[in-house]
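Take a moment to look over the sequence and turn the model around on your screen. Then let us walk through it together, one region at a time.

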Amino acid sequence: MNTNIQIKSALEMLITEVKPKSPVSLNLVDALGYVLAEDIFSPLNIPPFDRSPLDGFALRACDTLNATKEQPTTFKVIDFAPAGKPSTKILGPYQAIRIMTGAKIPDGADLIVPFEETEFTEEWVKVFKTYKSNSNITFKGEDIKKGQRVLVKGDLINPPEIGILASIGKNEVLVYDRPKVAILSTGDELVDVNQPLEEGKIPNSNSYTIAALVKRAGGIPYILPHCPDHLEKITKEISSTLKWADILVTTGGVSVGDKDYVMEAFQRICDKFLFWKVKMKPGTPITAAKYKDKLMIGLSGNPAAAFITFEIFVKPIIKKFRGLEKIYPLELESTLLSNFTKVRNQNRFVRAITYYDSGNFYTKLPDSHSSGVISSLTKVNSLFFIPAGAGPFTEGQKIKVQLLEGEDLLP
Ligand SMILES: Nc1nc2c(c(=O)[nH]1)N[C@H]1C(S)=C(S)[C@@H](COP(=O)(O)OP(=O)(O)OC[C@H]3O[C@@H](n4cnc5c(N)ncnc54)[C@H](O)[C@@H]3O)O[C@H]1N2
Ligand code: MOO
Ligand SMILES: [Mg+2]
């Protein structure tokens, strides 16, 4: 069995098992946060016609040749062209068409003069200088050429991409579906959040933390009813869940306790067992297995360990299922504002709070790092990785932290 393996090997083992979900066609408004499963080519020129970028008058530049401040040239206003209603007139010598921003340039015109540079009435307009041909015209295809590739397979759809798709008249896009992530907390001590507590019991918090983390990572979370520490029941629940879920995340029952059954359940169900125990703290006893194209990941029951190992191992998996290429966190240099003096012979991920101020990043470490402590997770937005044997770390020292959000900023 693969056991006590390095963090990197565990991640590689998991990631190589993941293929992006099959593409689905989505309406534009629903596509936010999905990843494109096709290259997008524009069927149109944008703009689709030569248009005016200003409110003013359409003229012929050659007619402005003798215009000066002292001796302006006068043009006869022959038509009005608002946006969306092109003028049908052909502009002749010393004629002008009053034109609005976004309107099609009338035939015969090669110049737009903005209102501010003219004097005008309803019948005539005066210009006071010479203009070059093609001044103040936005040309057809200047923004996007017909046939141009505007977005690439693998691009994340954010609001700008939605706008680009709409501007080329595309209402449906092919995107990679989001993975369905089932969450199963195990433990005889668990009760639902809305149920009364009895002696020795605790509310199931992991399912909710994990569901929120799944959502933040772009997966679709499904919280299953928590399961007692019972091998048959756990096995049955996981087997039936894998019929529809892409990823199954469990918490609890992965260590060496008499009632820790999750790894055994994985072994019964899987067609490929991946590993048990990774050389890191917290969350050492993490386990993973594969069944068909589905992944099972068993996280430690300790709330902070479940949180941290989710971010390290499950988040990149979800991102790969979503079709993203950048699946690992953004790492940045930061100034440590706390002391961390313990030197341990184990790789550690320390929960951290990182912020930006006047050109620098700063990182504070909460007081407690115990994997069973949940209170010190508040405001945690980053992880400080300490390789085995490294340290001590003191206030003012530069360190590297991994951000739990902000991957958009990756190059
Ligand atoms: N003899 C040893 N004991 C333990 C070892 C070891 O190496 N030798 N490893 C410790 C480490 S490290 C960890 S981490 C835990 C892992 O425990 P499990 O994954 O088996 O989790 P449980 O035993 O079920 O629970 C641990 C802890 O977490 C609480 N818990 C569980 N589920 C939830 C939930 N859904 N919401 C909130 N809290 C939960 C549970 O009550 C326990 O307190 O094992 C150590 N032991
Ligand atoms: O590996 Mo455990 O989560 O540190 O207590
Ligand atoms: Mg246990």
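## A guided walk through the model

Let us start with a stretch that has a name in a record. For residues 182-320, UniProt lists "domain: MoaB/Mog", in an unreviewed entry. Over residues 182-320, helix makes up 35% of the chain and strand 25%. If you find the two ends of this stretch, their C-alpha atoms are 17 Å apart.

Before going on, it helps to know what kind of structure this is. You are looking at a predicted model, and the predictor also reports how confident it is. The protein has a mean pLDDT of 97, with 100% of its residues at 70 or more. For the complex, the ipTM is 0.98 and the pTM is 0.93.

Now step back and take in the whole chain. Into which domains is the protein divided? The domain assignment gives domain 1 as 3-21 + 178-321, domain 2 as 29-44 + 149-176, domain 3 as 56-127 and domain 4 as 331-409. Notice that domain 1 is written as two pieces of the chain, and so is domain 2. To get a feeling for the layout, find domain 2 and domain 4: their C-alpha centres lie 37 Å apart.

Next, come back to domain 1 and look at some of its strands. Strand E1 covers residues 3-5, and 2 bridges join it to strand E18, residues 272-278. These two strands run parallel. You can find the pairing by looking for Thr3, which stands opposite Trp276 in E18. E18 is also joined by 4 bridges to strand E19, residues 287-291, and here the strands run antiparallel. Within that pairing, Phe273 has Ala289 in E19 as its bridge partner.

Stay with strand E1 a little longer, as it contains Asn4. Most residues other than glycine have a negative phi. Asn4 goes the other way, with a positive phi near 55°.

The loop between E18 and E19 is worth a stop too, for it holds Pro282. What kind of peptide bond joins Lys281 and Pro282? It is a cis peptide bond, with omega about -5°. Most peptide bonds, by contrast, are trans. Lys281 and Pro282 turn up again around ligand 2. The other residues surrounding ligand 2 are Gly283, Thr284, Ser300, Asn302, Ala305 and Ser371. Sorted by character, the shell of ligand 2 has 2 nonpolar residues, 5 polar and 1 charged.

Ligand 1 has its own surroundings. Which residues come nearest to ligand 1? Of the 28 residues around it, they are Ser185, Asn206, Gly252, Ser255 and Gly301. Helices take part here as well: helix H3 (206-217) and helix H6 (303-321) each supply at least two residues of the shell around ligand 1. That shell divides into 18 polar residues, 8 nonpolar and 2 charged.

Let us move along to an open sheet of 6 strands. Reading across it, the order is E8-E5-E7-E6-E10-E9, and the pairing is mixed. At the edges are strand E8 (111-114) and strand E9 (118-120), each of which pairs on one side only. From one strand to the next, the twist averages 35°.

Within this sheet, follow strand E5, residues 56-59. E5 pairs with E8 in the antiparallel sense over 4 bridges, and Phe57 has Val113 as its bridge partner in E8. E5 also pairs with strand E7, residues 95-99, again in the antiparallel sense, over 3 bridges. Ala58 is a nice residue to pick out, with Ile112 as its bridge partner in E8 and Ile97 as its bridge partner in E7.

Our last stop is a closed barrel. It is built from 5 strands in the order E21-E23-E22-E24-E25, with mixed pairing. Its twist averages 50° from one strand to the next. Strand E22 (residues 348-357) and strand E23 (residues 360-364) run antiparallel and are joined by 5 bridges. As an example, look for Tyr355, whose bridge partner in E23 is Tyr362.

Finally, search the loop between strand E24 (382-386) and strand E25 (398-403), where you will find Pro392. A cis peptide bond joins Gly391 and Pro392, with omega about 0°.

Technical notes: Residues numbered from 1 in each chain as written. Chains lettered and ligands numbered in written order. Predicted model: local features only at pLDDT ≥ 70, side-chain atom pairs only at ≥ 80, totals over all residues. Domains from an automatic or database assignment. UniProt positions renumbered as here; feature names shortened; annotations may be inferred. Near = placed C-beta within 6 Å. Nonpolar A, V, L, I, M, F, W, Y, C, P; charged D, E, K, R; others polar. pLDDT = per-residue confidence, 0-100. Pairing = 2+ DSSP bridges. Axes fitted to C-alpha atoms, helices over the stretch in contact; angles between N-to-C directions.
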